[in-house]
Amino acid sequence: MTNEEADVLDFINGKYGSYSYVEVIRLKEVALFRSVIQALEQIYQQQNTTVRKVFEKTARSFKLPHPANSYYAAENRMADTEQKIFEIYNVIFRIGKKLLNQQYKIKGEVDPFNSLEHSSGKRQLEQDILPVAEPVIQEELKKLPPFSVAEEQLVNRSYTTRWKEYHEEIKDRCGEDLDCYLKETEELVKRNATNPGIRLLLFDLAKLLSPGDPTGALKMYLRYIRVCREHPECILKPLPKYIAKKIFKTEGSEERFGQLLEQYKKDGNWENAWANVATVLMPPRKTLGLDREAIRKAETLHSGTVELLNQVLTDEHPEEVPVVVTGLLPEQSEGPVIPGLQPPEPMAETGSHPLLDETQVKLLRLFEENNLSLPVKELDVFARSAGVFAAPFVEKINDICYEVLDDLLIEEEEDAWTISEEYFDVIIAYENKH
């Protein structure tokens, strides 16, 4: 800055505290003021004059009481020309500040004429300078870039209700389009990452999502808990009972979510809590216990029968390769035995599929080729190519396979869909058998 700019800005902030207390906004206020003065300088140069000369001429034409103190008050002196010139600069600065606040949705009243309200100076400025200056301020304001995400976060940390105006705009813009609304509110939440006030929006989003996306609702509520945990002054609200009924429909899910919240409040491990929230609503997996001691006894009991059968087959058909019957369960096997189902074989390319149709089988083949885990985007691409939506398509497969598994076949994690190897083998064995 030039020495004159520094003197003017020192006066503006020193006398009136005109700067915002948020540094990000303060930088834009100063940038706007400097660009306005520079633009005015170019305009006045075309008229063979300067900003200084125009301001000085106007300053000489009005009276302004000198800053009150005992010495000057006794003599009833008027402010000198230099003082009045600085007051004109202050009006220009504060008009810019007021318009900047409107553009960036910063709440706070700004009176541009705080020092000239009751003097002839206001009328003189409105006549001589503002008809030229105000259009320049408007034009220079348009050139200021929007806040970056990081700047928004800094601003919103101080202006904790600023998000509400943006939220109203999102609701008007998206109307009944839920996908649009969720996408834009997610961006709004991101820009308020350090703002404790955003907890109100997160809580409302949890309630909004509860009927159609209970897992999404729990994720929003978990984010609400995170904000409250980081800002102890927040009063933590539990999920309303009518909302909880919409979300917790599987047995034990509400208790599991409560345990997850207690653990997060205790250790603050956000990554662990976020990773596990998707599993809260899943039915608990059934485990198959194997009595290995009983299996070994059965092997011993039938070993004589196996040996005799091999001898008979060898005697009757010496030219054939003997059939070796193994034990019921090899010693090295670690997988569960599913009664009534044969060991799985490679998926047949053709044939009848009593459970799944051709498109559903193709999806299972795709899982098989990708180690039983598909990124969410990849499954979306497959679903679109089949002319269906991913979530309902997966839900239909799960409904069909539930008859065999009594559990979900395809489960959603944070960024992927997965199938457990045991359940995959059961379904493929069932398909091949039928």
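This is a short tour of a predicted model, with stops at a sheet, a helix pair, a pocket and a cavity.

**Stop 1: the sheet**

Start by selecting residues 373-375, which form strand E1, and residues 410-412, which form strand E2. Add residues 416-419, strand E3. Together you now have an open sheet of three strands, arranged in the order E1-E3-E2 and paired in antiparallel fashion. E1 and E2 stand at the edges with a single partner strand each, so one side of each has no neighbour in the sheet. If you look along the strands, neighbouring ones are turned against each other by 25° on average, direction ignored.

Now focus on E1 and E3. The two run antiparallel and are joined by three bridges. Which residue of E3 is the bridge partner of serine 373? Select threonine 418 to see the partner.

Next, colour residues 376-385. This is helix H18, which packs on the sheet and touches both E1 and E3. The direction of H18 makes about 85° with that of E1.

**Stop 2: two packed helices**

Hide the sheet and select residues 81-103, helix H5, together with residues 130-142, helix H7. Their axes lie 10 Å apart, and the helices pack at an angle of about 35°. The crossing of H5 and H7 is right-handed.

Show side chains where the two helices meet. From H5, the contact takes in Ile92, Ile95, Gly96, Leu99, Leu100 and Gln103. From H7 come Leu130, Ala133, Glu134, Ile137, Gln138 and Leu141. Sorted by class, this contact has eight nonpolar residues, three polar ones and one charged one.

**Stop 3: the largest pocket**

To find the largest pocket, select Gly212, Asp213, Thr215, Ala391 and Glu412, the lining residues that lie nearest its centre. The pocket has a volume of about 2100 Å³, and 47 residues line it.

Which elements give two or more residues to this lining? Work through helix H10 (178-190), helix H11 (199-209), helix H12 (214-230) and helix H13 (241-247). Then add H18, helix H19 (390-405) and strand E2, so that H18 and E2 from the first stop come back into view. H19 gives the most, with eight residues. Colour the whole lining by class and you will find 25 nonpolar, six polar and 16 charged residues.

**Stop 4: a cavity beside H5**

The structure holds three cavities of 30 Å³ or more. For the last stop, take the second largest, with a volume of about 50 Å³. Select Glu29, Leu32, Phe33, Val36, Ile92, Phe93, Gly96, Lys97 and Ile137, which line this cavity. Helix H2 (23-46) and H5 are the elements that give two or more residues to the lining. By class, the lining residues divide into six nonpolar, one polar and two charged. You have met some of these residues already: Ile92, Gly96 and Ile137 line the cavity and also take part in the contact between H5 and H7.

Methods. Residues numbered from 1 in each chain as written. Predicted model: local features only at pLDDT ≥ 70, side-chain atom pairs only at ≥ 80, totals over all residues. Heavy atoms only, no water. Pairing = 2+ DSSP bridges. Helix = DSSP H or I, 4+ residues; strand = E, 2+ residues; numbered from the N terminus. Axes fitted to C-alpha atoms, helices over the stretch in contact; angles between N-to-C directions. Contact = heavy atoms within 4.5 Å. Left-handed = near helix turned anticlockwise from the far one by under 90°. Nonpolar A, V, L, I, M, F, W, Y, C, P; charged D, E, K, R; others polar. 1 Å grid on protein atoms, 1.4 Å probe; cavity = no way out; pocket = protein on both sides within 12 Å on 5 of 7 lines; lining within 4 Å. Points joined across faces, edges and corners; volume = space filled by probe spheres on them.
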